[in-house]
Each structure stands twice: as C-alpha cells, then as structure tokens.
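Please open the model in your viewer, show the side chains as sticks, and keep the selection panel at hand. The tour goes from one selection to the next and says at each stop what is to be found there.

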Amino acid sequence: MARIISTTHNTPVRQSLAGGEAPGPARPSEPQRGEILPLPPPQGRGGRCRWPRVTSCGRKVPEVPRGAAMAVAREELQKDLEEVKELLTNATRKRVRDVLVAEKQKLELEIKNQPPPKPKDVAEEEKSSLGGYTVKINNYGWDQSDKFVKIYISLNGVQKLPAENVQVNFTERSFDLLVKNLNGKNYTMTFNNLLKPISVEGSSRKIKTDMILVMCKKKREEKWDCLTQVEKESKEKEKAAYDTTDPSEGLMNILKKMYAEGDDEMKRTINKAWVESREKQYKGDIPMDI
C-alpha cells in the first residue's frame, strides 16, 4: 500500500508505508473511449494545413484547403491592423505611439505581400463548399464575331437564380463556369487551352432565358478555326488521315472511322458490305485492288 507524500512539477511521488520510495512517477491514466485528444500544430507540404485525420475516438478531422487557410491568415492580419489603428487613436505617449506606428507599418506590409487567391483555388473552395449533386455540362454551342468568342449553354430556369449563383472565372487561356443550386443541383463547365489568348478584363457572362452566354473577348481580332487547341489538333489528325494520294486508302480510312464511331447497326452494315466485296473479288467480278 502506498501514499502520496509530495509533488514535484505536478507529478505525484509515491512512498510505501514501510518507508521505501516507489520508483518513478505515477503512471498517467489511459485515454478513455470517446475522449478526443488535443490536436497538435498544423503541418504539411504545399502550403496546406494538415490536422490528424482521426481522433482517439475514430472521428475523422477534415483537412483545411490551402486557399481557405490563406483567406483566414489575411483576415487575421486585417483584424490586427484595425485593432492597432484603434489603439493608435487613443495613445498619447510618444514611445507608445512610435511602437504602434511601427507595428501598423509592419502589418500593412504583410497584408500587401500576401499573395492574392488564384482562380483555381477559389473555384476549388467553392466546389468543396457546395452541397447537393454536381453535374458536368458537356453540351454547348459557340460562334464568334470580330471581337468575341461566344459560348451558349442551355440551362432551364437559370434566369430565376440570383446573379451571384452564376460565376465565371477567366484566365488568358481558359475559363470555368459554376452554377449553384439550380433546381437542387450544381452545374460546372471548364474550358482549358483555348485556341488563342483572351482578355480577362474584357470577358463576361450574360444570363438569358434558359441560357448562359459566356463572352470571351479576343486579344487579337482574328478568326478562330475551333474553340480549343485540342480540337484543332484532332481536326488536323483527321485531315491528315484523309489526305492521301491513294483514293482507296482514303476510302478505307473513312470506313474505319465510321466503324469505330458507329453503333451496332452501322458495324453490321459495314461488315456485310466488306464480306460481299471480298466474295466478288474471289469471283473476279471486280478488280482485286479495289
């Protein structure tokens, strides 16, 4: 049997009734089931704040997105600056005022040097905060004028949404569209690698009846053959496949493309025509080189 006779740095020391000191401090109690352990400081790579993924009771702790952490840091700096300004208005002692002025300048410099949020970060934060079902838009139409490339996206009832629910972020060679809470769903569309650069400041979007019009202002007034660089490369490959000196080879390439992209009925028709053609070749009805 033991009793506590003294404490050092809040650690109990035990001594037996026979006068011998028990070796070592008392063992700390084990964490109980359901108890949440204190979180250590954030750490991680790439500017992201990472907290432990699971607490002692098995509950997952969400990660903080990089853009959100930067926004919180800017907000805290702004609050510090406002408080220093308030203290400065009430300070009367020269030394105190000098200290506050120096701190004010330091905070203003830190806020100025904070990197602005990137469009991609903003879009990721918006998407991560969305609830409900998100639909990717694949159907659209487009045309162009001398100054603008115009993309038409049909969405029933979009004109009933608040204007802030329809957001478009532009860069020099891309844009992404986000429509929030339209009939209980969210809609997204992203265009990367536009064929030519656009003016971010001159581009905009318009909400019409059952339609969104995205207007990308051209940096140079020239005709676009297609909307993206990927489309241009795809068209060039197709053109190269058809532009052959041998007519029969060009025809064969067209048939291969029809077979690859066609439905089951189209494939059966092509197979039937191919079999009949081979049979005629064997009978000598048509030249063998066709």
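A residue is called buried under 20% relative accessible area, exposed over 50%, and partly exposed in between. The model shown here is predicted, and it is worth keeping that in mind at every stop.

**Stop 1: the aromatic rings**

Begin by selecting Tyr-140, which has a relative accessible area of 32% and therefore counts as partly exposed. A search of the whole structure finds 3 aromatic pairs, and one of them joins Tyr-140 to Phe-191, with the ring centres 5.0 Å apart and the planes at 85 degrees, so that the pair is edge-to-face. This contact links distant parts of the chain, since Tyr-140 sits in the loop between strand 3 (133-136) and strand 4 (141-144), whereas Phe-191 belongs to strand 8 (residues 185-191), 51 residues apart. Is Phe-191 buried or exposed? With a relative accessibility of 8%, Phe-191 counts as buried.

Next add Phe-170 and Phe-175 to the selection; their rings form a tilted pair, 6.0 Å from centre to centre and with 45 degrees between the planes. Both Phe-170 and Phe-175 are buried. With the four side chains displayed together, you have a cluster in which ring pairs link Tyr-140, Phe-170, Phe-175 and Phe-191.

**Stop 2: from strand 3 across to Thr-190**

Now select Lys-136, which lies in strand 3 and, at 61% relative accessibility, counts as exposed. If you add Thr-190 and draw a distance between the two C-alpha atoms, the separation is 8.8 Å, although Lys-136 and Thr-190 are 54 residues apart along the chain.

**Stop 3: a hairpin and a charge over a ring**

Move on to strand 9 (residues 198-208) and strand 10 (residues 211-218), which pair in the antiparallel sense over 7 bridges. Which residue in strand 10 is the bridge partner of Lys-208? It is Met-211 that partners Lys-208. The two strands, strand 9 and strand 10, make a hairpin with 2 residues between them, and in the turn Asp-210 has a positive phi of about 60 degrees.

While you are in this part of the tour, select Lys-217 together with Phe-148: Lys-217 lies over the face of the Phe-148 ring, at 5.3 Å from the ring centre.

**Stop 4: salt bridges**

How many salt bridges does the model contain? The count comes to 7, and three of these contacts can be visited here one after another.

For the first visit, select Glu-75 and Lys-79, whose side chains meet in a salt bridge at 3.6 Å, N to O. Both residues lie in helix 1 (residues 66-90), and the 4 residues by which Glu-75 and Lys-79 are apart correspond to about one turn of the helix. Glu-75 is partly exposed, with a relative accessible area of 44%, and Lys-79, at 44% relative accessibility, also counts as partly exposed.

For the next visit, select Arg-220 and Glu-222, where the side chains form a salt bridge at 3.0 Å, N to O. Arg-220 has a relative accessible area of 48% and is partly exposed, while Glu-222 counts as partly exposed at 29%. Adding Lys-196 to the selection completes a network of salt bridges that links Lys-196, Arg-220 and Glu-222.

For the last of these visits, select Arg-268 and Glu-265, which meet in a salt bridge at 2.7 Å, N to O. Because they are 3 residues apart in helix 6, Arg-268 and Glu-265 are separated by about one helical turn. Glu-265 is partly exposed, with a relative accessible area of 48%.

**Stop 5: a nonpolar patch on the surface**

Finish by switching on the surface and selecting Met-252, Ile-254, Leu-255, Met-258, Met-266, Trp-274 and Val-275, which form a nonpolar patch with about 560 Å² of accessible area together. Two elements, helix 5 (247-261) and helix 6 (264-283), are those that give two or more residues to this patch. Which helix gives the most? Helix 5 does, with 4 residues. If you want a single residue on which to centre the view, choose Leu-255, which is placed in helix 5 and is partly exposed, with a relative accessible area of 31%.

Key: Residues are numbered from 1 along each chain as its sequence is written. This is a predicted model: local features need pLDDT of at least 70, side-chain atom pairs count only at pLDDT 80 or more; totals for chains, interfaces and linings use all residues. Side-chain values use heavy atoms; hydrogens and water are left out. Rings of Phe, Tyr and Trp (its six-membered ring) pair if their centres lie within 6.5 Å; planes under 30 degrees apart count as stacked, over 60 as edge-to-face and the rest as tilted. Buried means under 20% relative accessible area, exposed over 50%, partly exposed in between (1.4 Å probe, protein chains only). A charge sits over a ring if NZ of Lys or CZ of Arg is within 6 Å of the ring centre and within 35 degrees of the ring normal. Patches are made of residues with over 30% relative accessible area and no salt bridge: like charges are joined within 9 Å, nonpolar side chains (Val, Leu, Ile, Met, Phe, Trp, Tyr) within 5 Å. Accessible areas come from the Shrake-Rupley method with a 1.4 Å probe; for residues, only the protein chains shown count as cover. A salt bridge is a side-chain nitrogen of Lys or Arg within 4 Å of a carboxyl oxygen of Asp or Glu. Two strands pair if DSSP finds at least two bridges between them.
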